[in-house]
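Q: I am new to this structure and would like a close look at a single part of it. Could you take one strand and describe how it sits among its neighbours?

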Amino acid sequence: EQATCFLVLICVMGIVGVNTATPAEFNVIISTTKGNLTVNVQRKWAPLGVDRFYELVEDGYYNQNAFFRVIQSPSPFVAQWGISGDPEINNKWVNATIDNDPVLISNVRGTLTFAAEENNGQACCRTTQLFVNYGDNSFLDSQGFAPFANVTAGMEYADKFYSGYGESPNQDLIYSEGNSYLKENFPNLDYIISAYVVK
């Protein structure tokens, strides 16, 4: 009977315990066509977002992603990415939403945050898309956009991502046609070459 209780306790702990696969803190190198960004990730800032980010990086999802939405005008805003260049990979993730995290740190310059749809003025339905904040975008905090990491080196390269297309790339077409759509219609975009966890 004692052995049975012990096994049940182990099972319960496995269900409700903390995620042991994602480190509490880790660094990611994002190698881009402009240069390398070093990103420090803190799970305590946004556990659900960090778990998803870690999974995607380890899976190679962000390799060859385009920075398809880069807004520098009228004032520096964000650079956004997170749609795979391979439509088959997009099909796997497009509906794999995660719940919101509480906003514990502010959307200031250099922080990474999941992009999201908005429902009644609040962020919802996060999947794979991210943005890096170019400036003080703390107005996003009250909308539920929860930063989970910050760029500790290489932000000067992020500042150079091509921004001439603004909001023109069609996200639906990126999902369905991948990088072939972007390369044909928006040839100057910058890309992630690879993203990997520093071991």
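A: What follows looks at strand 2 and its surroundings. The model is predicted, and its chain has six helices and 10 strands. Eight of the strands form an open sheet, in which the pairing is antiparallel and the order is 3-4-8-5-9-2-1-10. The edges of this sheet are strand 3 (69–70) and strand 10 (192–197), each of which pairs on one side only, whereas strand 2 stands between strand 9 and strand 1 in that order.

Taking the strand 1 side to begin with, strand 1 (residues 25–32) pairs with strand 2 in the antiparallel sense over seven bridges, and within this pairing Ile29 stands opposite Thr38 of strand 2. The two strands form a hairpin with three residues between them, and in the turn Gly35 has a positive phi of about 150 degrees.

On the strand 9 side, four bridges join strand 2 to strand 9 (residues 147–153), and these two strands also run antiparallel. Here Thr38 appears again, with Ala153 as its bridge partner in strand 9, so that Thr38 is matched with Ile29 in strand 1 as well as with Ala153 in strand 9.

As for how covered this part is, residues count as buried when their relative accessible area is under 20%. Five of the seven residues of strand 2 (residues 36–42) are buried, and the strand is therefore largely enclosed by the rest of the structure. For the chain as a whole, 47% of the 199 residues count as buried.

Terms used
Residues are numbered from 1 along each chain as its sequence is written. This is a predicted model: local features need pLDDT of at least 70, side-chain atom pairs count only at pLDDT 80 or more; totals for chains, interfaces and linings use all residues. Side-chain values use heavy atoms; hydrogens and water are left out. Buried means under 20% relative accessible area, exposed over 50%, partly exposed in between (1.4 Å probe, protein chains only). Two strands pair if DSSP finds at least two bridges between them.
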